[in-house]
Amino acid sequence: MHTSLYQTLATRGFIHSVSNTDGLRAALERPCTFYVGFDPTAPSLHTGHLIPLALAAHLAEAGHHPVLLAGGGTGLIGDPTDRAETRDLLSAERVAANTRAVRQQVDRLFENEQADVAIVDNAAWLTQLRYLEFLRDIGRHFSVNEILATETYRARLESGQGLNFVEINYRLLQAYDFLHLFREHGCILQIGGSDQWANILAGVDLIRRIEGEEAFGLVTPLLTTSTGQKMGKTASGALWLDPELTSPYDFYQYWINIEDASVERTLALLTPLPMDEVRALAALRGAEIRTAKERLAYEITARVHGNEAAAAARDGARALFGRDGGSSAAAPQTRVTQEQLAAGLGIVDLLLTTGLAGSRSAARRLITQGGAYANEQRVNSPDVVFDADAFQGGELLLRSGKKRYHRVLVDED
RNA sequence: GGGUCGGUGGGUGAGUGGCUAAUACCACCAGACUGUAAAUCUGGCGCCUUCAAGGCUACGUAGGUUCGAAUCCUACCCGGCCCA
């Protein structure tokens, strides 16, 4: 028997809340237009955005039309959701630059989709709003009491952290976005992470009040570990989707290192693999489950960075972590000149310049604690200096801890 | 605008003149055990250093008092609460 799209999404774990389950189920029977928005708070999307993106891909796959919204307008305001304190307003230039970056990224992520994808920037309409008109037409539909009663705002008030006028307006703008897209694109569904629930419902309500029509909201769960920690955090901060900020190799490494308990959920949410396969992979036990993690890491990396980059990351990881040596080509690399080599390269400096340590102090600490390796030999002293002998084949393989590799290559000349 | 309370390291949050580079918890890093897993145990977690006894910078910003300040004073910036 035919399984509905809605059912598939539910099985894969995408559905955290829906504004009207039956209504949405029915609406999805025919091709519809939906949207998901991303605020340009940083120059790149990160793992937190992957679930809504994956959901969008499933919907697109099923013939629905995605509208991907970059929040060049709302980014100027700043979403207070889940923020303990007022966030500093980003400069207009910053927002514009981030918006461009996010647009490009979203564009690239969907370039392989067959569906017609519309990419919009809400600055296009939000910056055109006229204040008095907006207040009279839109503002009157919002109850301040209601806004203040929702989790984010209430928490802010109770913690004595305050809340300024700009922040309380965020919700109206996001609701207005939905209304705008409903009118201009016939968009009847907004998806997002569960933190966006209240903002999305505000849009659903606004459309009902003004247009007298029903639109839907669907939010996904957040990506967390079994202990409820947000996934996607690394030593250097977020796990970015921009290869310049987080290399495909590091990205791959992150996923292959996730805890066993998260394998099934992550496969279901972030990879396109059929559920049968997901279950089979997740059923593996003991060391066997590594196979599932390899598949997981490959699929997610391929989705974000393409098959080629994913394969390179996988092969590199196999070589570095497998028994039989092999190529370390996928590891991040740094080049040094013949002159630098001739002068002698100190381990502390190398750890610093390769980024394996954040400071000279950190590098020394790492060595003292026994976490620094060169060509798989533990480095026991911060005084170790490498010369040409250490660079067999013009390369020195550094390692920090068990997992972080970095190649140092000598320039030919 | 007036009164009052507050702004501490990635986060939460102690500290109210020297014993404080700053308690604790979380996050993070390393070691041990493993399966590049989890849990657990151990160590670390500002920067620089010839690593030791050292030095430098840091508790909203700028000054000041003091032998000595995150801690006291002044001004300013930002925020809470009360009044307008």
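This report covers one open sheet and the protein surface around RNA strand B.

The model is predicted, so to speak of local features takes pLDDT of at least 70 and side-chain atom pairs count only at pLDDT 80 or more, while totals for chains, interfaces and linings use all residues. Residues are numbered from 1 along each chain as its sequence is written, chains are lettered from A and ligands numbered from 1 in written order, and side-chain values use heavy atoms, leaving out hydrogens and water.

Let's start with the sheet. Five strands line up as β9-β15-β14-β11-β12, with mixed pairing. Strands are DSSP runs of E, at least two residues, and helices are runs of H or I, at least four, both numbered from the N terminus; pairing takes at least two DSSP bridges between two strands. At the edges sit β9 (333–336) and β12 (377–378), each paired on one side only. Further in, β14 (residues 395–400) runs antiparallel to β15 (residues 404–410) over six bridges, and Ser 400 has Arg 404 in β15 as its bridge partner.

Now the RNA. Near RNA strand B (a heavy atom within 4 Å) there are 35 residues, with Asn 257, Asp 260, Arg 360, Ser 361 and Arg 364 the closest. Sugar and phosphate make up 67% of the strand's atoms within 4 Å of the protein. Helix α18 gives the largest share of this surface, five residues.

Here are some polar contacts (N or O pairs within 3.5 Å):

| Side chain | RNA strand B atom | Distance |
|---|---|---|
| Gln 253 | base oxygen | 2.8 Å |
| Lys 293 | base nitrogen | 3.1 Å |
| Arg 378 | sugar or linking oxygen | 3.4 Å |

How values were computed: Polar contact = N/O pair within 3.5 Å; in protein donor to acceptor, adjacent residues only side chain to side chain.
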